[in-house]
Amino acid sequence: MDGDFIVGGVFSLHYKVKTVMHNYTTKPEPATCTSFFARVLPSSRTMIFAIKEINNSTELLPGITLGYRIYDSCASVPLAMQVAFQLLNSQDPVFNKDSNCSHAGKVLAVVGESGSTLSISMSRIIRSFQIPQVSPSATCACLSDKQQFPNFFRTIPSDQFQADALAKLVKHFGWTWIGAVRSDSDYGNNGMKSFLDVAQNEGICVEYSESFYRTDPRSKIQRVADVIRRSTAKVVVAFIDSADIKILLEELALDPPPPRQWIVSETWITDLQLMSFSFCTGAIGVSIQQSVIPGLREFLLDLSPSEIAASPVLTEFWEDAFNCSLKDSELTDPMKRVCDGAEDIKNLKNPYIDTSQRVVSMVYKAVYAIAHAIHNAVCQESNFTTQCDKNIRLDPEQVLSKLRKVNFSHNGYPVSFDVNGDPVAFYELVNWQKRENGVIEPVTVGYYDASLPKGQEFRIIGNPTWVESSTQVPVSVCSESCPRGSHKVLQKGKPICCYDCIPCPEGEISNMTDSPDCSPCPSELWPNVQRDACFPKPVEFLSYDEVLAIILAAFSVSGACLAIITAAIFFHHRTTPIVRANNSELSFLLLFSLTLCFLCSLTFIGAPSDWSCMLRHTAFGITFVLCISCVLGKTVMVLMAFKATLPGSNVMKWFGPPQQRLTVLSLTFIQVLICTVWLLLSPPFPMKNLSTYKEKIILECALGSAVGFWAVLGYIGLLAVFCFVLAVLARKLPDNFNEAKLITFSMLIFCAVWLTFIPAYVSSPGKFTVAVEIFAILASSFGLILCIFAPKCFIILFQPIKNSKNFLMNKNVL
């Protein structure tokens, strides 16, 4: 249609070109397009509708008529390039000798192409003439490069936004193991690359990535279909042109794959023809926003017979839609009939009458964007009136400049372009849902708005249905999520989404699923059995509640009671010869010290404190030295008594009771001095032992100064050895008063106990260290009281006849 200003249009009304083998002997015939694409016809018709609507408008370009030149590129790059030259030279044949190629023809702007590859080819040609190109459906992110494509604009968002949306959609539903299929074209390759870049950042792994094109051999299509069938990924992301996906789905329909969740790009998510493939039920993807264009449906349905007959495209559409021929003379297919005029387009189930196609609104916006740019170039506003000059010489470069600044709203939908020629990205989330009658329909279940802050782009408003019409979100992961208490270990040679779940090492936890590693608990905490939380370690010490402590405490009290009972027996029989003969003063002092020895073991039981730690070691050291000092005094007494029986000996006056008391006090004072220095310089203190056991805390008394502790023990050991040596020397002295044999046995037991105590003390862990020390105290104390006093008590109580002076003077052995 002619007009004051001409707008070009390029659409892929066919998607195949008949292959011709050239012999280079005759002039090639023009390319023949096949496989009519009814889904694209509404786009070209919408352009005509929008131009007629603008021509009838009193607000936009009043008094000016727009014309159009619409071409079919047949989805072919060579034909698209040929169309580009035709647009530059108006309707003149390309390279006509009468045409002038030095300047552009009447076309001021171009609407199209639909495909990214075709748009790239056209843009590289027409950009030299500064002719703006506005595409309604070319989404390749590469077209946003203004250095390469300075004249390119589009009303559909870039694939970069679509890739972001699809990747975040996959992440939103927790799918980390996917398959990727794409068209082997600029649209598919660039779109999938953008998607995979974003997916990688989102932690999504790809099991396979396959590409194909509609013209590929069937063997390649079969191979791609087999990859989908054999894959373990249950989610397939398809960045594919609608003409390509139709061929793949037809191949898959021959042997339907296991249930697969399809994530669909905007090119075919709303294609009603493809919804006949039932195994794609539950497919979900993003689509450009649907808008209502008043009067468009009526315009599409208003086709007169003359209009159809005058247009080869409409004729092909009509014959293809109703399977009839408008011309009887051209009827070659016996399966077809002659169109009888009874055909009603209103009852036709065909994409042509589907005005819900989103791309239709994109074409509508593209035409209006160009119209506004021309309006801003040739019209002026004055006194609330608009004056337009249709005689002005308008260059495409002027339209290009005005198009960059276009910003208007039509039918409630804003139209503007950013610096890259892209619109604001806004998508509907479309889901294929099967109705009760078995028909699959596209349902909008959410929105994606790229202008919103990160993490808030998605807004779900419906309940999506998934593969096989399930309401449960399918799971597609390479490895199941690692539970709390374990961490991920990557499988060698596989993507990061493929891993093994390994329980956390001892002492470490992971408190979230799919944890990359485990973290150690603080020193005073320990993991629970599940290793997903840290809890305070149990504190262990020798408590009075334990059986072991009760037994040791019972022996301690029993020993003290035994010492007191023995003292009572000796006190009651203090005038008897056997008591008097064994130095009753030292005996009572020894029994008192033994009582303290038994009781001091009680200080080792219970939770350590500052005072108990200092008391237990010092009380033990001092009472034992007092005890050994008494035994040593008795031993020396035996030796002195034997020496006193020798003629001329006056030894007893040098070791009488005063000297004995002084010896005991002196020896004990030395231990008191050692303990005092120990407590002043580095006293024992309570501490939490975290090293012996990893899973619990040992509450124990630290020695403070190990030198002080071993000095206390060493001094006790020195006195015990010295006492033992003296007792051995005096054991065979011929005297009934001699108790050296009993002291020898007691010191032998004492030394044996404490010699075995040292390695046992060093090697015993935790509370058993304290138990060993208590055992050594009790064993040595019982050894002393039983060896020294038990025989005497036995005589006193059960053999009183031996407790007489005559019996002792008869030199009989005890």
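**Exercise 1. The hairpin**

Task: In this predicted model, find the bridge partner of Ser-409 in strand 18. Then describe how strand 17 and strand 18 are joined.

Solution:
1. Look across from Ser-409 into strand 18: its bridge partner is Pro-414.
2. Place that pair in its ladder. Strand 17 covers residues 407-410 and strand 18 covers residues 413-416. The two run antiparallel, with 4 bridges joining them.
3. Inspect the link. The strands form a hairpin with 2 residues between them. In the turn, Asn-411 has a positive phi of about 55 degrees.

**Exercise 2. The mixed sheet**

Task: Give the strand order of the open sheet built from 8 strands. Which strands stand at the edges, and why is one side of each left without a neighbour?

Solution:
1. Read off the order: 9-8-10-11-12-19-20-21, with mixed pairing.
2. Take the ends. Strand 9 (205-212) and strand 21 (458-460) each have a single partner strand, so one side of each lacks a neighbour in the sheet.
3. Add the twist, which averages 30 degrees from one strand to the next.
4. Check one pairing. Strand 11 (residues 261-264) and strand 12 (residues 284-288) pair in the parallel sense over 2 bridges. Ile-263 has Ile-284 of strand 12 as its bridge partner.
5. Now add the helices. Helix 5 (residues 186-201) packs on the sheet and touches strand 8 (177-183), strand 9 and strand 10 (235-239). The direction of helix 5 makes about 155 degrees with that of strand 8.
6. Helix 6 (residues 218-230) also packs on the sheet, touching strand 8, strand 9, strand 10 and strand 11. Its direction makes about 165 degrees with that of strand 9.

**Exercise 3. The parallel sheet**

Task: Do the analysis for the open sheet of 5 strands. Which helix packs on it and touches strand 1, strand 5, strand 6 and strand 7?

Solution:
1. The order is 4-1-5-6-7, and the pairing is parallel.
2. Strand 4 (66-72) and strand 7 (152-154) are the edges; each has a single partner strand, so one side of each has no neighbour in the sheet.
3. The twist averages 25 degrees from one strand to the next.
4. Strand 6 and strand 7 run parallel, joined by 3 bridges. Val-134 stands opposite Phe-153 in strand 7.
5. The helix is helix 3, which touches strand 1 (5-11), strand 5 (107-111), strand 6 and strand 7. Its direction makes about 170 degrees with that of strand 6.
6. Helix 11 lies across strand 1, strand 4, strand 5 and strand 6. Helix 11 runs at about 155 degrees to strand 5.

**Exercise 4. The largest pocket**

Task: What volume does the largest pocket have, and which residues are closest to its centre?

Solution:
1. The volume is about 730 Å³.
2. The lining has 41 residues. Closest to the centre are Ala-75, Ser-114, Gly-115, Arg-214 and Asp-241.
3. Sort the lining by class: 17 nonpolar, 16 polar and 8 charged.
4. Map it to elements. Strand 2 (14-17), helix 3 (116-126), helix 7 (242-254) and helix 11 (358-378) each give two or more residues.

**Exercise 5. Confidence**

Task: Which elements have the lowest and the highest mean pLDDT, and where does pLDDT stay under 50?

Solution:
1. Start with the chain: pLDDT averages 85, and 92% of the residues score at least 70.
2. Helix 21 (residues 805-809) has the lowest mean among the elements, 66. Strand 6 (residues 133-135) has the highest, 96.
3. Residues 92-104 stay under 50. For them the model has 13 contacts beyond four places in sequence.

Note on methods
Residues are numbered from 1 along each chain as its sequence is written. This is a predicted model: local features need pLDDT of at least 70, side-chain atom pairs count only at pLDDT 80 or more; totals for chains, interfaces and linings use all residues. Side-chain values use heavy atoms; hydrogens and water are left out. pLDDT is the predictor's confidence in each residue, from 0 to 100. Contact means heavy atoms within 4.5 Å. Two strands pair if DSSP finds at least two bridges between them. Axes are lines fitted to C-alpha atoms, for helices over the stretch in contact, and angles run from 0 to 180 degrees between N-to-C directions. On a 1 Å grid over the protein atoms alone, a cavity is a set of points where a 1.4 Å probe fits but cannot get out, and a pocket is an open set with protein on both sides within 12 Å along at least five of seven lines; lining residues have an atom within 4 Å of a point. Grid points are joined across faces, edges and corners, and a volume is the space filled by probe spheres set on the points. Ala, Val, Leu, Ile, Met, Phe, Trp, Tyr, Cys and Pro count as nonpolar, Asp, Glu, Lys and Arg as charged, and the others, Gly among them, as polar.
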